[in-house]
Amino acid sequence: MKIKQKKEITNSTVFYPYSEGESASKYMPKELLVKIEADKDYFSKKGQTKRYFINNKDYNIIHIGKIEKMTMEQIRQYCSLAFKIAKKEFFREFDLFIWQNILNISEESIIYSALEGIMLTDYQFDKLLSKNDKNFSIEKIDIIYEGNVDFDAIYKKIEIITDSIKLVRDLINYPANIATIDYIEDEAKKIAKKNNLEIRSFSEKDLIKDGFNLIYAVGKGGSEEPRLIEISYKAGEGCPNICLVGKGIIFDSGGLNLKPDSAMADMKEDMSGSAIVLGIIKIVSELKLKINLTVLMPLAENAIDGNSMRPSDVITAYNKKTVEILNTDAEGRLILADALSYSDTKNYDLVMDFATLTGAAVVALGTKITAAYFRGAKYKYPFIESSVAMSETVWELPLFEDYKEMMKSSVADIANLATPSRQAGSIMAALFLGEFIKNENWIHLDIAGTSFADKESGYNPKGGIGVMIRTTIDFLTKISN
């Protein structure tokens with residue numbers, strides 16, 4: 001698919017935005033304006049669409065809201081919807097009109113958002129279908145925009161970002177019999193080799209020898225050895241040193257505390273965090289951002305056999321704290337705890353983790369808002385600003401120290417589950433993690449509700465989304481030297 005910028009309508013099929021207030025009317029033919037005016041009552045709410053055939057032209061009108069309140073997200077959604085309509089109607093090529101002047105949005109951001117909307121929508125997970133009709137594809141889109149921007153540079157950046165997001169979506173969508181620990185490690189090695197990244201894989205023997213006992217305990221019942229993968233990108237001295245940690249439970253049965261069948265079908269997505277951080281370091285290296293970035297991917301399968309960890313087991317973590325296992329289904333925090341403790345040995349300026357950690361986050365915030373926890377204010381507001389710009393909403397929840405009393409154990413330093421267990425579950429998991437990282441700048445993202453969708457919404461597909469990648473890239477770009 002080719003996407004180009006042009007300044008005049010050239011195709012017979014055209015998409016125009018309709019808005020309340022100023023619109024694209026001065027660019028539309030008079031015959032079209034007359035018909036739109038006659039149908040003004042029809043365009044009563046955002047998202048309404050209508051098609052007109054006039055003088056051998058196919059005009060598609062999309063209501064995108066008031067021009068005075070236009071945002072980057074509305075531009076993304078407009079372009080996403082146009083792409084979906086084009087695909088449904090078998091348009092092989094079309095023009096997509098976009099305003100030049102939108103209040104409070106730079107010309108570069110307008111084009112950036114438009115390309116995001118198109119290229120994120122151009123995704124379908126169909127790799128496992130035995131029969132798949134791939135004969136039709138959109139071949140050419142001309143973005144009609146009168147402004148002067150470096151279109152090719154913006155396109156190249158968006159292509160790097162969206163290609164990586166699509167890879168992440170694939171990794172999340174593959175079932176655990178395909179996206180195995182070995183498979184994910186192989187993908188990481190391919191990315192590292194292609195982008196000249198340093199990579200180290202801690203085998204099961206390494207985990208035991210080096211004291212990553214929580215990762216080993218969670219994964220020792222699985223069919224493949226658990227491991228920890230460390231990948232590093234180095235931009236040079238004087239650049240910020242950042243570490244990203246991603247939860248990588250390739251499938252979560254719950255262990256001996258077996259999940260109910262209704263809660264298990266989507267557990268292939270419990271490795272979303274590891275897929276996301278892998279995608280982020282791929283983007284950072286290809287964009288050559290001025291940061292030093294390390295990602296840690298603790299990988300394990302929470303399965304059941306005679307070697308599985310048991311409720312009441314006590315395990316010594318990487319930082320030497322002892323953990324009583326009250327519930328084997330609270331396993332994600334265990335593998336993250338070892339990885340976060342390991343990050344403390346490297347003196348990073350900031351550590352962030354991404355984890356499909358708790359159902360409590362879903363109960364509290366649903367499927368459109370990521371639960372966010374911040375230790376230290378230095379990076380908090382820049383990160384939130386990026387989440388707003390990328391429309392990946394986060395909501396801060398507190399690291400409320402008083403609740404730590406609920407994780408006391410009579411036989412170990414800490415329990416992996418609070419008592420009572422159904423109170424403030426996402427906060428309790430965050431507090432648990434906080435016991436295993438000393439870094440004063442730490443961001444914890446509980447993406448349990450936002451990483452995987454039951455149905456498509458705008459440019460986000462059904463299944464794996466690659467949530468928080470765009471936000472994190474925008475944030476890392478801002479703080480890079």
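This passage walks through a strand arrangement, the nonpolar cores and a few backbone oddities in a predicted model.

A good place to start is strand E5, which spans residues 93-97. Of its 5 residues, 4 are buried, so the strand is largely enclosed by the rest of the structure. E5 has pairing partners in E2 and E6. With strand E2 (residues 13-18), the pairing is parallel and rests on 2 bridges. With strand E6 (residues 140-144), the strands again run parallel, and here 5 bridges join them. Leu96 turns up in both pairings: it is the bridge partner of Phe15, and its own bridge partner in E6 is Ile143. Following these bridges, then, leads from Phe15 to Leu96 in E5 and on from Leu96 to Ile143 in E6.

Phe15 and Ile143 come up again once the packing is considered. The largest nonpolar core holds 108 residues, and both Phe15 and Ile143 are among those with the most contacts inside it. The others in that group are Leu115, Ile231, Ile280, Leu293 and Phe354. As for where the core residues come from, helix H4 (residues 151-173) supplies the largest share, 10 residues. Apart from this core lies another one, made up of 48 residues and including Leu336, Ala361, Leu431 and Ile437. As a general matter, nonpolar side chains in soluble globular proteins tend to be buried together.

Leu115 gives a closer look at the 108-residue core. Setting aside neighbours within four places in sequence, Leu115 is in contact with Ile3, Ile143, Phe151, Ile154, Tyr155 and Ile158. Ile143, the E6 bridge partner of Leu96, is thus also one of the contacts of Leu115. Residues 151-173 make up helix H4, and Phe151, Ile154, Tyr155 and Ile158 are on the contact list of Leu115 too.

The backbone has a few quirks worth pointing out. The peptide bond running from Thr419 to Pro420 is cis, its omega being near 0°. Pro420 sits in the loop between strand E17 (414-415) and helix H12 (425-434). Two asparagines have positive phi values. For Asn196, phi is near 55°, a positive value in a residue other than glycine; for Asn347, which is not a glycine either, phi is about 55°. Asn196 belongs to the loop between helix H5 (181-194) and strand E7 (198-202), while Asn347 is found in the loop between helix H9 (332-343) and strand E14 (350-355). Asn196 is exposed, with a relative accessible area of 71%, and Asn347 is exposed as well, at 66%.

Note on methods: Residues are numbered from 1 along each chain as its sequence is written. This is a predicted model: local features need pLDDT of at least 70, side-chain atom pairs count only at pLDDT 80 or more; totals for chains, interfaces and linings use all residues. Side-chain values use heavy atoms; hydrogens and water are left out. Buried means under 20% relative accessible area, exposed over 50%, partly exposed in between (1.4 Å probe, protein chains only). Two strands pair if DSSP finds at least two bridges between them. A nonpolar core is a set of buried Ala, Val, Leu, Ile, Met, Phe, Trp, Tyr and Cys residues joined through side-chain atoms within 4.5 Å. Contact means heavy atoms within 4.5 Å.
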